[in-house]
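User: I am new to this structure and would like to learn how to read its features one at a time. Could you take me through them slowly, giving the general idea before the particular case?

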Amino acid sequence: MSDTVLITGPSLAPDAVAVLEAAGLTPVYVPAYSQGDGLTEAVRRARPVGIISRMGRLDAPVFEAAPGLRVISKHGVGVDNINVDLASRRGVPVLVATGANAVSVAEHAMALLFAVAKRLVPLDAGLRAGRWEKPGFKGRELAGSSIGLVAFGAIARQTAVFAKAFGMEVLAYDPFASDAIFAETGVMRIDSLDDLVARCDVISLHSPLTPETRAMIDARRLALMKPQAILINTARGGLIDEAALAEALAQGHIAGAGLDTFAQEPPPADHPFFSEPRLVLTPHIGGVTEAANTRVGVEAAQGIVDILAGRPVPPARIINATALAQSKADA
């Protein structure tokens, strides 16, 4: 049997590599954003027993090229790049590194918010271009305003901690979170996404991308937002109808947005976002800090080691646990 673990990216934190190698596993890397035939051929050559999923989509050709695949471990929590249904049918558990990058991503959400609200990027550009734009400038204070969190998982809960520290009122929408979580964190539960976007001064997205959440922030919901509202997305680009957001910004329907993720990554060179001064854009690096990379990488690697060794993994980390159990029952 192969001892290879394929990492769909060019690197893995040294501590995570050590976890794999201590278990007798050999990491193999592919170039960033490998896809199509290039990714499939890399999988075929490696014949991995495990895959740590960073970049690129894991679909039928990848599974067919890896007949010995026994586990997939996501380097993070978003699994929209993995065909989870196919993994379940093949009996392959899909693990996530729940909460390991929560602090880093929540920090980045707040950084984007402050950059947009304080107009840091255009002010910096103006000063560098020789303009002193203090006359007539009117800034914005965030203390006392409200932030609405869409989904209330680990990253959103950490964002709530930071937002409260800045004097913001925190509300959240998550039909799947328990009332106890809201009570423990002191965050107000809102039962309707429409109500949340209409009520809050800031909307921050923390939802996974699913068929139900795709384009959840569309033209209709953007129209519900306050004229001075700010939209922040550190989750998945597909949560937003990007054409509708570009139009809302162009028409001045909302004040601005801070985006770390996009429907296509990297976005095409002619994307309308690049000409919009009320946007602050970063290349999906919210969780890319040394501390988070180490925590996420170690958790992803340890999950593979544990599954291959037959050791139990917390059910909350196996996102297709129910489907796998049903497949066994039906067998």
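Analyst: Please keep in mind that this is a predicted model. A convenient starting residue is Ser-73, which is found in strand E4, residues 71-74.

User: Is Ser-73 buried or exposed?

Analyst: Buried means under 20% relative accessible area. Ser-73 has 0% relative accessibility, and therefore counts as buried.

User: Which residues does Ser-73 touch, leaving aside residues up to four places away in sequence?

Analyst: Ser-73 touches Ile-51, Ile-52, Ser-53, Leu-95, Ala-300, Ile-304 and Arg-317. With one of these, Ala-300, there is also a polar approach, since a polar atom of the Ser-73 side chain lies 2.8 Å from the backbone oxygen of Ala-300.

User: How should I read the sheet that E4 belongs to, and in what order do its strands come?

Analyst: In general, the strands of a sheet pair through backbone hydrogen bonds, and the pairing is either parallel or antiparallel. Here five strands form an open sheet, the pairing is parallel, and the order is E2-E1-E3-E4-E5. Strands E2 (26-29) and E5 (94-95) stand at the edges with a single partner strand each, so one side of each is left without a neighbour in the sheet. Helix H12, residues 290-309, packs on this sheet, where it touches E1, E3 (50-53), E4 and E5, and its direction makes about 160° with that of E4.

User: How many bridges join E1 and E2, and what lies between them along the chain?

Analyst: Strand E1, residues 4-7, pairs with E2 in the parallel sense over four bridges, and Thr-4 has Thr-26 as its bridge partner in E2. Along the chain, the path from E1 to E2 goes through helix H1, residues 14-22, and this β-α-β crossover is right-handed.

User: What does a residue of helix H12 look like, for example Glu-299?

Analyst: Glu-299, whose place is in H12, is partly exposed, with a relative accessible area of 22%. Apart from residues up to four places away in sequence, Glu-299 touches Val-96, Ala-97, Thr-98, Ala-100 and Arg-317. Arg-317 is also among the residues that Ser-73 touches.

User: Which residues of the largest nonpolar core touch the most other members?

Analyst: That core has 31 residues, and those touching the most other members are Leu-196, Ile-203, Leu-222, Leu-231 and Leu-245. Two or more residues come from each of strand E7 (169-173), helix H9 (193-199), strand E9 (202-205), helix H11 (242-250) and strand E11 (256-259), and H11 gives the most, with five residues. Taking Leu-245 as an example, its contacts beyond four places in sequence are Leu-222, Leu-231, Ile-240, Ile-254, Ala-257, Leu-259 and Phe-273. Apart from this core lies another, of 24 residues, which includes Val-187, Ile-230, Ile-232 and Val-280.

User: Where should I look for unusual backbone geometry?

Analyst: Most residues other than glycine have a negative phi, and most peptide bonds are trans, so departures from either pattern deserve a look. The peptide bond from Glu-265 to Pro-266 is cis, with omega near -5°, and Pro-266 is found in the loop between E11 and strand E12 (279-281). Arg-47, although not a glycine, has a positive phi of about 45°; its place is in the loop between helix H2 (36-46) and E3, and it is partly exposed, with a relative accessible area of 47%. Likewise, His-284 has a positive phi, near 55°, and is found in the loop between E12 and H12, where its 27% relative accessibility counts as partly exposed.

Technical notes: Residues are numbered from 1 along each chain as its sequence is written. This is a predicted model: local features need pLDDT of at least 70, side-chain atom pairs count only at pLDDT 80 or more; totals for chains, interfaces and linings use all residues. Side-chain values use heavy atoms; hydrogens and water are left out. Buried means under 20% relative accessible area, exposed over 50%, partly exposed in between (1.4 Å probe, protein chains only). A polar contact is a pair of N or O atoms within 3.5 Å; within protein, one must be able to donate a hydrogen and the other to accept it, and residues adjacent in sequence count only if both atoms are side-chain atoms. Contact means heavy atoms within 4.5 Å. Two strands pair if DSSP finds at least two bridges between them. Axes are lines fitted to C-alpha atoms, for helices over the stretch in contact, and angles run from 0 to 180 degrees between N-to-C directions. A nonpolar core is a set of buried Ala, Val, Leu, Ile, Met, Phe, Trp, Tyr and Cys residues joined through side-chain atoms within 4.5 Å. A crossover is right-handed if, with the strands pointing away from the viewer, the path from the first strand over the helix to the second runs clockwise.
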